[in-house]
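Here is a set of worked exercises to try with the model open beside you. Have a go at each task before reading its solution.

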Amino acid sequence: MPRSGRIAPAGVALVWIAHLAFCQRGPAGPALAPMTASPSPAVERPLSLPTPTEPPLQPVLLFQWGFHDHPLRMAWSPRRSWLALASSDRLYVYHFPSLRLLAFFAVDERLRELAFAADGVTLVGRTEGGTLRAWEILSRRERWSRIEPLGLGLATAPSAPWLATGHEEGFVRLLDLMTGEGIGWLPGSVPGSFSPDGRWLITCSRPAGSEPLRVGCAPDADWRVVEVTSGQVRSMLPSVAPPIWADDGGRVIVGRADGTVREVDLSTGAEEILWHRPSARIHRLSLSVDGRWLAVEHDGSVDIVMRATGEVRWSEVGGPVAFSPDGPHLAWIRGRPPRLFLLDLKTGAERALPADVLETHHPLQLSFSSNGRWLMLQAEEARGFGAPVAQIWDVATGAERFRFSPRLMPIWDLAFSPDGKVLGAIEGTVVRLYDLEAGQERGRLPLRTAEGWSLAFSPDGRRLAVGLADGRIRLYGRAAGRGWMPERDLVGHEGAARGLAFSPDGRLFASASWDRTVRVWEVEPGRERMRLEGYAAEVWDVAFSPDGQTLVSAGGDGTLDLGWETAAGGQRLPLAVYGVRIYRVAFSPDGRWLAAGLEDGTVRVWDAIARYEHGVLRVGARPVRALDFSPDGRWLAAGDAEGRVVLWAMPDGAERLRWERAGDAVYGLAFAPDGARLALGFRSGVVQVWEIR
């Protein structure tokens with residue numbers, strides 16, 4: 001988290017005599033008695049009221065980026081009762097119906113596509129950046145990863161360890177799914193599906209903007225059937241919808257632009273019309289496992305057709321649909337407003353399932369587990385954050401058994417680079433770096449091993465420190481022409497590294513941890529220099545004074561402490577003991593004021609020189625989770641767990657601005673070096689940059 005202040009001369013040490021100077025003790029005079037308790041938090045002494053002559057301020061939103069899940073990626077194992085779920089930069093595999101977590105993997109980027117191999121125990125995915133990864137679920141290890149050109153489409157062969165991947169350069173790559181090694185190139189740009197016998201692969205020549213959960217091809221794209229072993233094109237298939245296999249590889253079903261669905265014999269080229277609606281825009285085709293029933297999704301409606309006769313048995317407004325793998329059921333969403341039904345294809349009986357999320361969410365996809373026992377609906381919120389959700393029902397009873405609403409990846413911390421050109425933000429196991437001149441992401445640092453919780457740039461901008469949930473602190477160095485490169489991990493904390501701060505000269509940095517310690521590290525050798533212990537609970541935050549001689553820490557036990565170095569080691573002095581957690585602390589750039597953000601919704605402002613509580617500023621009734629002074633010391637800003645942001649003028653404490661993102665907690669807040677921009681990081685994964693005018 002950013003710490004604004006003057007740059008102290010190089011080589012300044014944390015020594016006892018500096019602490020005496022900070023506490024304003026004369027050479028011969030007595031030391032000020034330590035304050036062990038503050039006034040009761042219930043008794044607030046507000047600072048002075050706003051000056052009427054001050055011109056009004058206005059916040060103007062410059063940038064906003066959203067990092068919430070959109071949507072969930074899920075895949076059922078074809079051989080086991082397993083469900084893989086990709087949520088943000090995390091991948092989970094669950095057993096059904098126990099919902100026992102079988103495996104967990106951290107991923108550098110969001111997974112855009114996810115699929116199981118035919119063996120049912122190997123999982124493969126493609127990230128937003130194009131990297132392919134394969135995981136072995138039983139051993140809980142990553143089998144391989146491979147950086148590929150960007151593209152769309154993953155297809156796994158049903159009877160061979162093959163993986164087909166699409167590439168925007170105009171080819172389909174065939175890989176060995178067990179090793180990740182390349183086997184060859186096939187004509188096309190996007191893979192469709194392998195034939196049931198694995199000999200043939202349907203591909204298309206040109207991708208289209210993909211749906212949230214399905215990869216699409218352009219309406220005028222060329223579909224072709226390709227022999228996998230030779231790469232030879234067997235047939236061309238004009239179709240406006242992805243063709244589907246009608247048997248082991250001799251026949252396919254296509255949707256034509258003339259509103260017909262046709263079955264094509266690949267050996268003879270003979271075609272049979274199965275369904276016809278003039279001018280219909282065919283969207284998707286699906287076939288029951290026994291081949292008797294065909295579902296045609298078109299123009300916002302679904303027709304269920306007897307394949308043998310072409311008779312339309314059911315037709316309703318709605319979609320999507322899914323056939324159960326054991327044959328007897330069709331799941332479909334139909335009607336306005338939409339409802340979810342299970343249709344028995346043998347008897348025609350149907351029953352509604354309690355899909356209450358359809359009241360507020362758009363349906364995206366229906367899918368059955370491989371044994372047909374479970375039905376899953378994936379949807380995304382129609383308004384708000386567009387948050388995804390998945391509901392799973394027991395097909396036999398129609399009872400909802402599970403619901404997945406993924407935990408959004410909060411922005412736990414953010415910081416500006418000293419030149420104000422880059423904003424760093426922690427999202428899960430990734431640090432995203434944004435170019436504020438272009439308003440775009442310019443890089444990302446994968447943390448891989450653990451979630452990041454704290455972030456700080458060095459004063460010279462040459463280093464970046466990231467505190468991890470497992471207690472390690474990772475240092476990155478800026479390499480010319482190579483971006484940020486990891487230098488070392490500092491190991492010592494036994495709990496999450498929740499707060500970080502560089503000293504003004506950049507030679508030291510301090511870390512606050514949930515292991516109930518504060519530690520000071522030497523940057524260059526990367527070793528621990530000083531430790532402050534004796535906290536009764538976790539430590540949330542730490543900050544250096546602008547002269548670099550003293551630390552302030554925020555305790556989960558409600559203590560606001562000063563710390564410094566002596567010849568015998570680290571010493572700490574409680575300034576106050578509040579009855580609630582302290583989440584954030586910050587020094588003003590001139591060192592005069594010290595601010596602390598409390599769980600009770602107040603900001604306590606201290607005179608750091610005279611060591612007394614100067615007054616209380618209130619944000620609301622929820623915890624203050626973010627706090628920072630502007631670089632010129634004119635403003636103090638705070639954000640709380642209800643999404644409120646408040647700006648006060650200093651030193652009088654006049655409230656000058658208040659706005660909110662209702663219900664979305666502010667976890668990160670930082671002023672840019674120019675003092676005119678304020679960055680906010682929210683629980684929902686949204687980052688905003690505001691200009692204060």
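**Exercise 1. Work out the strand order and the edges of the sheet that contains strand 41.**

Step 1: Follow the pairing. The order is 41-42-43-44 in an open sheet of four strands, paired antiparallel; strands here are DSSP runs of E of at least two residues, helices are runs of H or I of at least four, and both are numbered from the N terminus. Two strands count as paired if DSSP finds at least two bridges between them.

Step 2: Find the edges. Strand 41 (497–502) and strand 44 (527–532) each pair on one side only.

Step 3: Add the twist. From one strand to the next, the twist averages 25°; the axes are lines fitted to C-alpha atoms, for helices over the stretch in contact, and angles between N-to-C directions run from 0 to 180 degrees.

Step 4: Look at one pair. Strand 43 (residues 518–522) runs antiparallel to strand 44 and is joined to it by five bridges. Across this pair, W521 stands opposite E528 in strand 44.

A word on the model before going on: it is predicted, so local features need pLDDT of at least 70 and side-chain atom pairs count only at pLDDT 80 or more, while totals for chains, interfaces and linings use all residues. Numbering starts from 1 along each chain as its sequence is written, and side-chain values use heavy atoms, with hydrogens and water left out.

**Exercise 2. Describe the sheet with the order 6-7-8-9, then examine the loop that follows strand 8.**

Step 1: This is an open sheet of four strands with antiparallel pairing. Its edge strands are strand 6 (111–116) and strand 9, each pairing on one side only. Neighbouring strands are turned by 20° against each other on average, direction ignored.

Step 2: Six bridges join strand 8 to the antiparallel strand 9, and E136 stands opposite R141 in strand 9.

Step 3: R140 sits in the loop between strand 8 (131–136) and strand 9 (141–147). Its phi is near 55°, a positive value in a residue other than glycine. Most residues other than glycine have a negative phi.

Step 4: Is R140 buried or exposed? R140 counts as exposed because its relative accessibility is 51%; the cut-offs are under 20% for buried and over 50% for exposed, with partly exposed in between (1.4 Å probe, protein chains only).

**Exercise 3. Find further backbone features in loops and a hairpin.**

Step 1: Turn to S279, in the loop between strand 21 (271–276) and strand 22 (282–287). Phi of S279 is near 70°, again positive in a residue other than glycine. At 68% relative accessibility, S279 is exposed.

Step 2: Strand 31 (residues 388–394) and strand 32 (residues 400–404) run antiparallel, with four bridges between them. Q391 stands opposite R403 in strand 32. Five residues lie between the strands of this hairpin, where G398 has a positive phi near 75°.

Step 3: Which residues does a cis peptide bond join, with omega about 5°? One such bond joins F96 and P97, and P97 is in the loop between strand 4 (90–95) and strand 5 (101–106). Another joins R336 and P337, with omega about 5°; P337 lies in the loop between strand 26 (329–334) and strand 27 (339–344).

**Exercise 4. Place A415 in its surroundings.**

Step 1: A415 belongs to strand 33 (residues 411–416). With 1% relative accessibility, A415 counts as buried.

Step 2: The C-alpha atoms of A415 and F671 are separated by 8.3 Å, although these residues are 256 apart along the chain.

**Exercise 5. Take stock of the chain, and decide where to read with care.**

Step 1: The protein chain has one helix and 59 strands. Of its 693 residues, 60% are buried.

Step 2: Among contacts (heavy atoms within 4.5 Å) with a separation of 6 or more, 45% are between residues 24 or more positions apart.

Step 3: Mean pLDDT, the predictor's confidence in each residue from 0 to 100, is 87 for the chain, and 89% of its residues reach 70 or more. Over residues 1–43 the pLDDT is below 50, and this stretch has 107 contacts in the model beyond near neighbours in sequence. Residues 48–52 also stay under 50, with seven contacts beyond four places in sequence. Where pLDDT is low, the predicted coordinates should not be read in detail.
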